[in-house]
Amino acid sequence: MDLFEQLEQVRTEALDNLVTIDSQVDLVTWEKRYFGRKGLVTQQLRSIGSLPQEERKTFGQRLNDIKQELSTAYEAHAQQVKLAEIEAELASGAVDVTLPGRAVAAGHLHLTTQTLRQIYGIFAKMGFEVYEAPDVELEKLNFDMLNIPAYHPARDMWDTFWVDEQRLLRTHTSPGQVRVMRERYPEPIRVILPGKCYRYEQITARSEHQFYQVEGLAVGRNITMTDLIGTLTQFTRMFYGASRTTRVRSSYFPFTEPSIEVDTDCILCGGKGCPVCKYTGWLEIGGAGMTHPVVLQNGGYDPDEWSGFAFGLGVERPAMMKYGVEDIRLFYRNDLRFLRQF
Ligand code: DAH
């Protein structure tokens, strides 16, 4: 048999074999058998050298045509095998196309946001609306209008970051009180003012230079200290649990008179003393008091006709106590191992 005949035989054999193939594995074997490094088609190419010069061209052309024909046939058949395999798989029920897809990994609310929303919900039930005031605040509102003039020693408690000579990052949510009053006069007021506050602080496990507060303000005709204590007692029971009791201590804030500090019996030990309450039996809830006449006046309300109460609550600290978080810095670290726990 001469080389031309051999070539035709390889072609016929290859095509005959191809049509009988019904698996990926056999396709691979087929490809290797004809087109591999030592494959039958590859060998034909090598044999050109042993042909007389004048036959080489014809042989080469025929070989190229056959290569082309075989690889086209291969592609077409491989496609068929693939489809047949998929159909067989579907028919055998190995793929359940009715199964729900994989769930997309969705994020969730930050612990701080969750806590804020709990607080909004509780105060909403008592008729408080949410009022938002800016983070970058005028010095005048952050201090002066709250009865803290430049020479007042209370300013030392609230050192902060300055934006320019008149503006700073608010040290507390209290300046929002004056903003609401000026906007709402002469309506009675019942709002909470949540938001970020900033202080020039050493950052430790217990204090950050940024943190949230929720301020409260009620202004009306006959508002008394009893309303204030009742409101905060109710908040404490709804936030920490129905059996909580509160106590009130005398305190000082320039923008309230009288001023108080509100505590709840420790949520962990119920007052017996433990590491959470540092063995005092009590946890601080926040500062509060009756709105100072000067502040009412700065807001446009006549203190002879109107009275009000105000309070300032932390957000991260209560969340720390409620969920047993030991380091306030975790709230700002964006570490998913922490965030995913809540
Ligand atoms: N602004 C105070 C602070 O940041 C908290 C506070 C105390 C707010 C008493 C009040 C209040 O409204 O009546 O420390």
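A salt bridge here is a side-chain nitrogen of Lys or Arg within 4 Å of a carboxyl oxygen of Asp or Glu. Keep that in mind for the views below, which come from a predicted model.

**View 1. D327 and R329 pair up in a salt bridge.** Their closest N and O atoms sit 2.8 Å apart, so the pair falls inside the 4 Å cut-off. D327 is the buried partner, with a relative accessible area of 16%. R329 is partly exposed, at 27%. As for the general idea, side chains of opposite charge can pair when their charged atoms come close.

**View 2. R11 reaches E69 across a long stretch of sequence.** The two form a salt bridge with the closest N and O atoms 2.8 Å apart. This pair links distant parts of the chain, with R11 in helix α1 (residues 3-20) and E69 in helix α4, 58 residues apart. Both ends count as partly exposed: R11 has 21% relative accessibility, and E69 has 30%.

**View 3. D263 and R247 join two strands by a salt bridge.** The N to O distance is 2.8 Å. D263 belongs to strand β7 and R247 to strand β6 (residues 246-253), and the two residues are 16 apart in the sequence. D263 is buried, at just 2% relative accessibility, while R247 is partly exposed at 30%.

**View 4. E129, E183 and R184 make a salt-bridge network.** These three residues are linked to one another through salt bridges. For the wider tally, the count comes to 16 salt bridges.

**View 5. A patch of negative charge sits on the surface.** D2, E5, E54 and E55 gather here. One of them, E54, is in helix α4 (residues 53-91). E54 is exposed, with a relative accessible area of 62%.

**View 6. I86, L90, V95 and V97 form a nonpolar surface patch.** The patch covers about 360 Å². V95 comes from the loop between α4 and α5, and this valine is partly exposed, with a relative accessible area of 37%.

**View 7. Two prolines follow cis peptide bonds.** The bond from Y185 to P186 is cis, with omega near 5°. P186 sits in the loop between α7 (175-184) and β4 (189-198). The other cis bond joins E257 and P258, with omega about -5°. P258 is placed in strand β7 (residues 256-265).

**View 8. N147 and Y279 have positive phi angles without being glycines.** For N147, phi is about 70°. N147 lies in the loop between α6 (139-142) and β3 (167-169), and it is partly exposed at 21% relative accessibility. For Y279, phi is about 60°. Y279 is found in the loop between β7 and β8 (282-291), where it is exposed, with a relative accessible area of 61%.

**View 9. G127 and N147 mark two points 28 Å apart in space, C-alpha to C-alpha.** In sequence they are 20 residues apart. G127 sits in the loop between α5 (111-125) and β1 (129-130), and counts as partly exposed at 42% relative accessibility.

**View 10. Stepping back, the protein chain has 11 helices and nine strands.** Its radius of gyration is 40 Å, well over the 20 Å that the globule rule gives for 342 residues, so the chain is more spread out than a compact globule. Along its principal axes, the C-alpha trace spans about 125 × 50 × 40 Å. Buried residues make up 42% of the 342 residues.

Definitions and conventions
Residues numbered from 1 in each chain as written. Predicted model: local features only at pLDDT ≥ 70, side-chain atom pairs only at ≥ 80, totals over all residues. Heavy atoms only, no water. Patch = residues over 30% accessible without salt bridge, like charges linked within 9 Å, V, L, I, M, F, W, Y side chains within 5 Å. Areas by Shrake-Rupley, 256 points an atom, 1.4 Å probe, with all protein chains shown as cover. Lys, Arg positive; Asp, Glu negative; His and termini not counted. Charge placed at Lys NZ, Arg CZ, Asp CG, Glu CD. Helix = DSSP H or I, 4+ residues; strand = E, 2+ residues; numbered from the N terminus. Buried < 20%, exposed > 50% of the residue type's maximum accessible area, 1.4 Å probe, protein only. Rg over C-alpha atoms; globule rule 2.2 N^0.38 Å.
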